[in-house]
Amino acid sequence: MAFEELLEDPVIQKYLHELVGPKGMPVAAAPPDGEVTDEELAEELDLELNDVRRALFILYENDLASYRRLRDEDSGWLTYLWTFKYDNIPENLEEEMYRLLDTLAERNEYERNHEFYLCEVCSIRFEFGEAMDFGFECPECGSPVESMDNEMLVTAMEERIAELRDELNVDASA
């Protein structure tokens, strides 16, 4: 898939935005063909050099950019030539979805296996043991904490888990 097609996808735009943030998004959204230096990108995009470097290293850490170093024979300075590798984005997104699925499954298990109490004044939630330690009173305001029904949260997580499993083609018993 070409850069242009990838960058038109709102999911991929959101993914890149989450990675590099608003200051790095112009770097991620405008990958040049071939190699480019960080200085060239900063000048071309009218951005601070540090913002460009930060975005490039985040892309590098996520396998979406690579670089090669050249040493200037006269000055000894190193120049980094960057290349964008957005072919890895679909795989990265799939890994993120698996991580989300695992996290949601763990959280769902936790929610189903614990009893919670809520201070309605402070909106602080306590596990049963914590609520008991505090005498079923909020340590912040002294109001009584009430048993909390988290069934809607559990149901919402189970629906999202089912959607992710379906999208990833993962068997529910796995």
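Here is a walk through the structure, from its sheet to its helices and then to its aromatic rings. Keep in mind as you look around that this is a predicted model.

Let's start with the sheet. Three strands make up an open sheet, arranged in the order S1-S3-S2 with antiparallel pairing. At the edges sit strand S1 (36-37) and strand S2 (65-71), each pairing on one side only. In general, the strands of a sheet pair through backbone hydrogen bonds, and the pairing can be parallel or antiparallel. Here S2 and S3 run antiparallel and are joined by seven bridges. You can trace that pairing on screen: alanine 65 stands opposite phenylalanine 84 in S3, while arginine 71 stands opposite leucine 78 in S3. S2 and S3 form a hairpin, with six residues between them. Have a look at glycine 76 in the turn, which has a positive phi of about 85°. On the S1 side, S1 and S3 pair over two bridges, also in the antiparallel sense. One of the residues to click on there is valine 36, whose bridge partner in S3 is tryptophan 82.

That tryptophan is a good way into the aromatic rings. A search of the whole structure turns up 11 aromatic pairs. In one of them, phenylalanine 57 and tryptophan 82 meet edge-to-face, 5.3 Å centre to centre and with 90° between the planes. This pair links distant parts of the chain: phenylalanine 57 belongs to helix H4 (residues 49-61) and tryptophan 82 to strand S3 (residues 78-84), 25 residues apart. How buried or exposed are the two partners? Tryptophan 82 counts as buried because its relative accessibility is 1%, whereas phenylalanine 57 is partly exposed, with a relative accessible area of 37%. The two also belong to a cluster, in which ring pairs link Phe57, Tyr60, Tyr67, Tyr80 and Trp82.

Now for the helices, and H2 is the odd-looking one. Helix H2 (residues 10-29) has 20 residues, yet its end C-alpha atoms are only 12 Å apart, short of the 28 Å that a straight helix would reach at 1.5 Å a residue. Where should you look along H2 for a kink? There is one of about 115° at glycine 21, shortly before proline 22. Glycine 21 is also among the buried residues of H2, which include Tyr15, Leu16, Leu19 and Val20 as well.

H5 shows another picture. With 24 residues, H5 reaches 34 Å from its first C-alpha to its last, close to the 34 Å expected at 1.5 Å a residue. Its buried residues are Ile89, Asn92, Leu93, Leu101, Leu104, Asn108 and Glu111. An α-helix has 3.6 residues a turn, so residues three or four places apart point the same way. The cover over the buried residues of H5 includes H2, S4, strand S5 (124-127) and helix H7 (151-168).

Let's zoom in on one of those buried residues, asparagine 92, which lies in helix H5 (residues 89-112). Asparagine 92 counts as buried because its relative accessibility is 10%, and the cut-off for buried is under 20%. Which residues does asparagine 92 touch, not counting those up to four places away in sequence? They are Tyr15, Asn62 and Leu64. Of these, Tyr15 is one of the buried residues of H2.

Further along the chain there are more rings to visit. The charged end of arginine 125 sits over the ring of phenylalanine 116, 3.8 Å from its centre. Finish the tour at proline 139, in the loop between H6 and S6. Proline 139 counts as partly exposed because its relative accessibility is 44%. Leaving aside neighbours within four places in sequence, proline 139 is in contact with Phe126 and Phe134. For a sense of scale, compare its position with that of alanine 55: the C-alpha atoms of proline 139 and alanine 55 are separated by 43 Å, and the two residues are 84 residues apart along the chain.

Terms used: Residues are numbered from 1 along each chain as its sequence is written. This is a predicted model: local features need pLDDT of at least 70, side-chain atom pairs count only at pLDDT 80 or more; totals for chains, interfaces and linings use all residues. Side-chain values use heavy atoms; hydrogens and water are left out. Helices (H or I, at least four residues) and strands (E, at least two) are DSSP runs, numbered from the N terminus. Buried means under 20% relative accessible area, exposed over 50%, partly exposed in between (1.4 Å probe, protein chains only). Contact means heavy atoms within 4.5 Å. Rings of Phe, Tyr and Trp (its six-membered ring) pair if their centres lie within 6.5 Å; planes under 30 degrees apart count as stacked, over 60 as edge-to-face and the rest as tilted. A charge sits over a ring if NZ of Lys or CZ of Arg is within 6 Å of the ring centre and within 35 degrees of the ring normal. The expected span of a helix is 1.5 Å times one less than its number of residues. The bend at a residue is the angle between axes fitted to the seven residues ending there and the seven starting there. Two strands pair if DSSP finds at least two bridges between them.
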